[in-house]
Amino acid sequence: MTDVIFRWTGILSMRGASTLRRLAPLARLSATPHIRLEYSLAHHDGMPAARDPPPESVDNFRSRIEPFLAGTYTIERELGGGGMSRTYLARETALQRMVVVKVLSPDLLQGLSVDRFKREVLMAAQLQHPHVVPVLTAGDADGVPWFTMPFVEGLSLRERMEREPVPLGEAIGILRDVSRALAYAHERGVVHRDIKPDNVLLSGASATVTDFGIAKAITASRQGSN
């Protein structure tokens, strides 16, 4: 059985860190026996984490993709960007629900096979778990891949960390939810490859992991195009 190795950095106050170090083995934080949790704890001093600079010509990029979404999704606003994708909040016309549309960054398109990317994303779309944000649909806009996910109301773990240190009890709950999501995916052959606080979404008392398989899809689609 495959171990899940999960490294967590900087989400606890110093008091929480010293307490957690006394909890051994750390795997007891999870109800899933084959999960191993490694951790690197650092005091969070309230300074925001480094972000990727926003890409240029954001308005031009949005105007490029909107015609391909017209009639199916209406983009309302941008939620964020940087890294692998630009993220938009949109209304799905047919079901009148809010979804997230993620569009692959143009910087990553060189040498990428769109068909292979779609196949890899569809593999990730098979994941159905309470702590995994599922992929709903996928397509491409003039060769630019996009996919949709449910809109999760709440904060990312990154945003939560920037407000204040996360208390020990809450941190253990987040670790438990995330490790269960990773174990479920690994048992089905799906590896996240980009696990970080930005990809952990907090809503109520639950944590869910988003962007499963996207980093792997980018790597595989480039290899497939060679």
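In this predicted model, K102 is buried, with a relative accessible area of 10%. Burial here means a value under 20%. K102 forms a salt bridge with D211. The closest N and O atoms of this pair are 2.8 Å apart. The two residues come from distant parts of the chain, 109 residues apart. K102 belongs to strand β5 (residues 97-104). D211 sits in the loop between β10 and α6 (214-225). D211 is also buried, because its relative accessible area of 6% falls under the 20% limit.

The whole structure holds 10 salt bridges. Another of them joins D198 and R158, with 3.1 Å from N to O. This pair also links distant parts of the chain, 40 residues apart. D198 lies in the loop between α5 and β9. R158 lies in helix α4 (residues 157-163). The two ends differ in exposure: D198 is partly exposed at 26% relative accessibility, whereas R158 is buried at 14%.

A further salt bridge is formed within one helix. E66 meets R62, and their closest N and O atoms are 3.1 Å apart. Both residues belong to helix α2 (residues 58-69). They are four residues apart, so about one helical turn separates them. An α-helix has 3.6 residues a turn, so residues three or four places apart point the same way. E66 is partly exposed, with 30% relative accessibility. R62 is partly exposed as well, at 23%. Elsewhere, salt bridges link R160, E164 and E170 into a network.

Three strands make up an open sheet, in the order β8-β9-β10. Their pairing is antiparallel. β8 (155-156) and β10 (206-209) are the edge strands. Each has a single partner strand, so one side of each is left without a neighbour in the sheet. Strand β9 (residues 200-203) pairs with β10 over four bridges, in the antiparallel sense. Within this pairing, V200 stands opposite V209 in β10.

Helix α5 (residues 168-187) lies across β9 and β10. The helix runs at about 35° to β10. How far should the 20 residues of α5 span, at 1.5 Å a residue? The expected span is 28 Å, and the end C-alpha atoms of α5 are 28 Å apart, so the two values agree. Many residues of α5 are buried, among them A171, I172, I174, L175, V178, L182 and Y184. The buried residues of α5 also include D177 and S179. After α5 comes G189, whose phi is positive, near 80°.

Helix α3 (residues 114-124) has two sides that can be told apart by burial. Which residues of α3 are buried? They are V114, F117, E120, V121 and A124. These residues cover an arc of only 125° around the axis, which means that they lie on the same side of α3. On the other side of the helix, D115 and R119 are exposed. For these two residues, exposed means a relative accessible area over 50%.

How values were computed: Residues are numbered from 1 along each chain as its sequence is written. This is a predicted model: local features need pLDDT of at least 70, side-chain atom pairs count only at pLDDT 80 or more; totals for chains, interfaces and linings use all residues. Side-chain values use heavy atoms; hydrogens and water are left out. Two strands pair if DSSP finds at least two bridges between them. Contact means heavy atoms within 4.5 Å. Axes are lines fitted to C-alpha atoms, for helices over the stretch in contact, and angles run from 0 to 180 degrees between N-to-C directions. A salt bridge is a side-chain nitrogen of Lys or Arg within 4 Å of a carboxyl oxygen of Asp or Glu. Buried means under 20% relative accessible area, exposed over 50%, partly exposed in between (1.4 Å probe, protein chains only). The expected span of a helix is 1.5 Å times one less than its number of residues. The arc is that of the directions from the helix axis to the C-beta atoms.
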